[in-house]
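Hi,

As promised, I'm passing the structure along. Have a look at it below, and then read on for what turned up.

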Amino acid sequence: MPDSGTANKPNAINATLNAEGSKLAGMIRQLALSFLWVSVGFIAITTMLLWHFADTVDKEKIEQSIRATESQLRRVGTSLAVQTRDFAWWDASINNLINNQNEDWLNDNFRSYLVDSFGLSMVLVLDVKNQPFYAESGGKKAPASDYLGFSPFMLQPLINKTQASPLAEPQAYYGFVARDEELFLVAACAITSEVPEQAVATGRPRPSLLFIRNFNEVRSDIASEAGLLDFQWSKTISAKEGYISLPIADEQGNILGYLTWALDLPGRAMLVQSLQWASPLLLCSLLLAWVILRRFRATFSKVESITLETALLKNSQQYFQSMADDAPVLIWETNYLAEVIYANRRFKSLLGHESGSIKKLSLFELVDERDREVMRAFFENSKTDKNPKGHEFRVPDSKGQTNWLFVICAQHLVSSDSEPSYIFSANDVTERKAIEQEAWYRANYDELTQLPNRSLFQNRLSQGLKASARNKTSCALMFIDIDHFKNINDSLGHSAGDQVLQEAAKRIRKSIRETDTAARLGGDEFVLLLLAETGSPLFDQVAKRVLNELSKPFALEHNEVYLSASIGIAMYPEDGDSDERLMMNADTAMYHAKRAGRNQLSYYAPVMNAKLKATLQMETDLRKAINDHELFLVYQPIFNVRHQAMVGVEALVRWRKPDGSMVFPDEFIPVAEQTGLIVPLGDYVLEQACKQLQQWHKKGLDLSMSVNVSPAQLRDSNFISLLQNCLKHYSLNPLKIQLELTEQIFIENSEELVSSLDTIANMGVHLAIDDFGTGYSSLSYLQKLSVDVLKIDKSFMDAVLSDTESAMLVKAMIAMAHSLNLAVVAEGVESQEQQDFLATEGCERGQGYFYGRPVEPEQLAPYFSDYLATI
Ligand SMILES: Nc1nc2c(ncn2[C@@H]2O[C@H](COP(=O)(O)O[C@H]3[C@@H](O)[C@H](n4cnc5c(=O)[nH]c(N)nc54)O[C@@H]3COP(=O)(O)O)[C@@H](O)[C@H]2O)c(=O)[nH]1
């Protein structure tokens, strides 16, 4: 039922309901009255029919009885008339009565004879003038003068009728006459001769013979023959119930009185009987109608109240249904089997079930496959937990779009003996979830590469370590650092660097299994977490696969770049049983791989930590050394092979610590390159070398100066201007400066690099490829770039005399350089034989201990005296 707040709303509905209720009440009342009227009508009609039937039957019986009585009257009358005629149309009667009253004959044939034989009460004979002539009463002769007490006027009609009958054949007539209180049957016949001639001869009028019978004499006979009861003569109509009164009139039509008799009337009896039966029936019907009416009224009241309740319930249902439909939440109900039995409009519209039926839809099929088990647990928990907590589920719509719903569930128990149902309500939290997921994604994924970031990786690492500890398996943490990635950024710009990182991320991701984790920690640092059985070759295979993938060319928008990576691997549990320790050790191993020459993988070993520590220390010390001018240059002579004369020097940096100890370039140059310190260091070397060359030039020593230039320096945008400044500041001929570049720099093969080298070459500065033959194998860059000199690496010279192949290679390099118009400098020349070999092969210059070690400027004095002597 709606509460007071909601009850106000459906006033119009209530009015409709009342009208509906009144209408229904009217219908029921009409029905009850109709029933009552039909019952009464039925009973009335039945009664009327019965009445009519009874009346008809009774009338028939009365008529039949009257007809029988009249028939008997006619019979008796006719019989009396026949008897009268017999005696009147008898010549003996004429002779013995009329002509001569023969007493004997009269005693024999009239008087007692007539009484005994015919039951006559009286005989009256009238002469032709209708005057009494002879009379008998009770079988004895009686005085005739007073017509035996009868009125002659009453008798006259009968006499007239018989006198009118034919003379040859007289007719007797009978009728009724009354005397005092008694009724008499009188038959009259004209006394006629049996001989027609005589009869005619006598002519008219004739005497009349009247036979008279007291009706009382024939009453019982008639009653018996006609079956009449209590058959009586009365002057008046019988007022008795059930008595018939038959009027008896004389010949003139005067009512003399009435014959009455009792008559059983079957119709009336039947009607009475029926009414006797019908009355209680009628009463019962009326009572029944009354009871039914009362019942109807009671039922109506109930129906009215049920109708009202039903209507209110329906109204309430509609109200709550519309409320549920309009609710801004999803509402649905399932039975205890988790089948959906109701869903509101929001549910249907959000999940796209408007057209299809939601009936029998399983709660578990409703949710995303990934959430089904959770939903099962949630549903089971809702059955027992009185205050179950809400939960978020992924619920796809009919188009497969995932919605996030925050679902709460409550048990709904209609009655104690019925199965409970379960009411669910849910808020659509898809947007919030999307924001959360977006935020979570941003917090846990790297925007550039879409790989997990450090935060998520650390989380996965913790879980991975726990899983490995639990399953007693191993896991490997791999640090991947792209070699010289900074160069890409510096030379090709950050956009190119981003492209490289994105492509590298794809390749790394491609190299591992779905279950492994690849993450980007920042910059060009990637990290992998692999889980496997202890001793599995997987770790090694994956690391090599990554190296291989990253060594393939990277096709950028305008360039093709070749890269390599260094990988450090730390294993759980051998190399650390905590996240931090493993991360640290993998990092250490990666640095080790870097220092070991890059493009390689390195498994962590405890000793690496010491080396790393030393490296870090060196970095700190080197930084300080640059600032404190602990670096200085030594110069190694470069000789013309054919003339055995010094033509130039190569500037080589040295580091003398404050304690006097020396640190050699092999140790600190890699550290300087890794840390970027090579740029200030190289700039210092260039500037110092130029300064020294100016001094020598001033002394008349027309030497050329070779300076090692690191790729990082070339990528540095200040390098060109620094070079120009040096040339200008120290008034140097650019042709006397030679910059030595390693092959490594050509791997990048970028437009910017080519452009820088062209600029340097256009300035007149010579470019030399240092350590030729040890690095990048493609020779196409020799043609592309403005290179002037090729320096054959010392490793070839070491075996040039002992190894035919090395000799062949050196010869080939010299020939190839010449074919490209490049001058050749052979490094590491330590003997006369090597010098001779080079001279034979046409190598222009040589450098090595055979000619002279790298020394400080003042130690070059002997060379200068030789040099000055030769020019
Ligand atoms: N970017 C810079 N790199 C520099 C600079 N100074 C030096 N270096 C590089 O350091 C590496 C080691 O140099 P260093 O210890 O000076 O060794 C040089 C020579 O001493 C050595 N050499 C020359 N002749 C011989 C020989 O006959 N035998 C022998 N065992 N060693 C010899 O070779 C090095 C010169 O090499 P290169 O530069 O390739 O000509 C070295 O790679 C230097 O390049 C610097 O200022 N900047």
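Let's start with the strands (DSSP E runs of at least two residues, numbered from the N terminus). Strand 13, residues 402-412, runs antiparallel to strand 14, and 8 bridges join them; two strands count as paired if DSSP finds at least two bridges between them. Within that pairing, Cys-409 has Phe-424 of strand 14 as its bridge partner. Strand 14 (residues 421-428) is also joined to strand 10 (residues 330-334), again antiparallel, by 5 bridges. There, Glu-333 stands opposite Ile-423 of strand 14.

A word on the basis: this is a predicted model, where local features need pLDDT of at least 70 and side-chain atom pairs pLDDT 80 or more, while totals for chains, interfaces and linings use all residues. Residues are numbered from 1 along each chain as its sequence is written, and side-chain values use heavy atoms, without hydrogens and water.

Now the ligand. It is surrounded by 22 residues, meaning those with a heavy atom within 4 Å of it; Glu-650 and Tyr-849 are among the closest. By class the shell has 10 charged, 8 nonpolar and 4 polar residues (Asp, Glu, Lys and Arg are charged; Ala, Val, Leu, Ile, Met, Phe, Trp, Tyr, Cys and Pro nonpolar; the others, including Gly, polar). Strand 23 gives the largest share, 4 residues.

As for atom pairs, a polar side-chain atom of Gln-636 sits 2.9 Å from a ligand nitrogen, and a polar backbone atom of Val-653 is 3.0 Å from a nitrogen atom of the ligand.

Cheers

Key: A polar contact is a pair of N or O atoms within 3.5 Å; within protein, one must be able to donate a hydrogen and the other to accept it, and residues adjacent in sequence count only if both atoms are side-chain atoms.
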